[in-house]
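The following exercises concern the architecture of a single protein model. Each task is followed by a solution in steps.

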Amino acid sequence: MSDILRAAVIGLGSMGANHARVLGDTPGVELCGVADADPERVRKATGGRPIPGFPDAATMLAETKPDFVSVVVPTQLHESVALQVIAAGAHVLVEKPIAATLEAARRIARAAEERGVLLTVGHIERFNPAIRELKGRLDAGQGGAVLQVRARRVGPFPHRIRDVGVIHDLAPHDIDIMRYLLSDEVDRVFAEARRHINTDNEDLFAGMLRFHRGAMGLLDINWLTPTKERTLTVLCERGMFVANYAAQSLEFFENYAATAREGAIASVTEGPMTRYPVANREPLRVELESFRDAILAGGPAPVSAEDGMRALAVSEALVRSSMEDRPVTPDEVMAQT
Ligand SMILES: NC(=O)c1ccc[n+]([C@@H]2O[C@H](COP(=O)([O-])OP(=O)(O)OC[C@H]3O[C@@H](n4cnc5c(N)ncnc54)[C@H](O)[C@@H]3O)[C@@H](O)[C@H]2O)c1
């Protein structure tokens, strides 16, 4: 393998077109091919650039022999397309969620392991500079113990997404970020979900997560809000971080009266607020550069298949909880699949 990696993209919809754009000018990468079942999407993605476009994954893989491929087809198709990429011996980035079901995710992970290729999952928010800044500060113990993490990811209904509901489509972003920031696993979830717009799946959802070491996670996610919001609040003993994923901003509101005594907050008063400088970068660019570097280094994948499966298991537990009106453990979901 040369130092210039040959990359390809399968699926050139609203997200895949971004993969093609970014890979088209990533140093150390040559975009060698793109594929989409829709010829208009291929035309748009290649428009004016000398990139071979194909109507299907199989022809593209056979003719261009890429070193790595972004799989950006609808979630229900992740398994079949990722398995083709892996069979062709290319490293693979599968967009989030890793697959539509845990069984499918396991088959993808097993195939990648057997073929000896790297598999990573597009949990893009891990590459958001504001989240990286927050992770560094939490790991340094800035706020003390984390009590609660609350994510709000709301916006208008995306009519193109018909194959999964809002839980599987959006919650994996924040589930993954909560696991990543807390370095902890979810023990139990409870969810309420509703379907208001006429599709087969839920579009309004509220979820509660119990993390193993005691932190509480709250998810407020829907496709019914006229204005888009992507925020994360981390409430700690000694203050509160507020991150805005979209603006890539991070603030800390100090609890002036915070005690140093472990496990106890004597009182809470409003202290100074600090806004940290965050060097903004497109998270997708950071993600794809990280995958490029991981391939050149021989691994590990920046976000593992296990991370992808854990986020999916929590999403499945949330769906099940909302349907069965009871708390559900991700372990129960994992054990049954
Ligand atoms: N990481 C993120 O922030 C993020 C954002 C949006 C979407 N996504 C994920 O990306 C994936 C795609 O979502 P989208 O919003 O771009 O969907 P989309 O519907 O806009 O695009 C999907 C594209 O795949 C093409 N396609 C379908 N079947 C194909 C096949 N067999 N071979 C080749 N092309 C095929 C379609 O023609 C379409 O152009 C989903 O899994 C979604 O969850 C991730």
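**Exercise 1. Domains**

The protein chain of this predicted model is divided into domain 1 (5-117) and domain 2 (126-278 + 316-324). Determine how far apart the C-alpha centres of the domains lie and how many residues of each are in contact.

*Solution.*
- Step 1: The distance between the C-alpha centres of domain 1 and domain 2 is 30 Å.
- Step 2: At the contact, nine residues of domain 1 meet seven residues of domain 2.
- Step 3: On the side of domain 1 that touches domain 2, four residues are nonpolar, four are polar and one is charged.

**Exercise 2. The ligand shell**

State which residues come nearest to the ligand, and classify the residues of the shell around the ligand.

*Solution.*
- Step 1: There are 26 residues around the ligand, and those that come nearest are Gly11, Gly13, Met15, Asp38 and Glu95.
- Step 2: The shell divides into 12 nonpolar, six polar and eight charged residues.

**Exercise 3. A pair of helices**

Classify the relative orientation of helix α6 (residues 129-139) and helix α7 (residues 166-182), and describe the contact of α6 with α7.

*Solution.*
- Step 1: The axes of α6 and α7 come within 9 Å and cross at roughly 30 degrees.
- Step 2: Angles under 35 degrees count as roughly parallel; therefore α6 is roughly parallel to α7.
- Step 3: Helix α6 contributes Ile131, Leu134, Lys135 and Leu138 to the contact, and α7 contributes Ile177, Tyr180 and Leu181.
- Step 4: Of the residues in this contact, six are nonpolar, none is polar and one is charged.

**Exercise 4. The sheet and its helices**

Give the strand order of the open sheet, explain why β8 and β14 have one side without a neighbour in the sheet, and locate the helices α7 and α9 against the strands.

*Solution.*
- Step 1: The open sheet has eight strands in the order β8-β9-β10-β7-β11-β12-β13-β14, with mixed pairing.
- Step 2: Because β8 (186-194) and β14 (270-276) stand at the edges with a single partner strand each, one side of each has no neighbour in the sheet.
- Step 3: On average, neighbouring strands of this sheet are turned by 15 degrees against each other, direction ignored.
- Step 4: Strands β9 (residues 204-211) and β10 (residues 216-222) run antiparallel and are joined by seven bridges; Arg210 stands opposite Met216 in β10.
- Step 5: Helix α7 packs on the sheet, where it touches β7 (146-154), β8, β9, β10 and β11 (229-236). The direction of α7 makes about 150 degrees with that of β7.
- Step 6: Helix α9 (residues 305-324) lies across β8 and β9 and runs at about 50 degrees to β8.

Technical notes:
Residues are numbered from 1 along each chain as its sequence is written. This is a predicted model: local features need pLDDT of at least 70, side-chain atom pairs count only at pLDDT 80 or more; totals for chains, interfaces and linings use all residues. Domain bounds come from an automatic or database domain assignment. Two residues are in contact if their C-beta atoms, placed from the backbone, lie within 7 Å. Ala, Val, Leu, Ile, Met, Phe, Trp, Tyr, Cys and Pro count as nonpolar, Asp, Glu, Lys and Arg as charged, and the others, Gly among them, as polar. A residue is near a molecule or strand if its C-beta atom, placed from the backbone, lies within 6 Å of it. Axes are lines fitted to C-alpha atoms, for helices over the stretch in contact, and angles run from 0 to 180 degrees between N-to-C directions. Helices (H or I, at least four residues) and strands (E, at least two) are DSSP runs, numbered from the N terminus. Angles under 35 degrees count as roughly parallel, over 145 as roughly antiparallel, 65 to 115 as roughly perpendicular and the rest as oblique. Two strands pair if DSSP finds at least two bridges between them.
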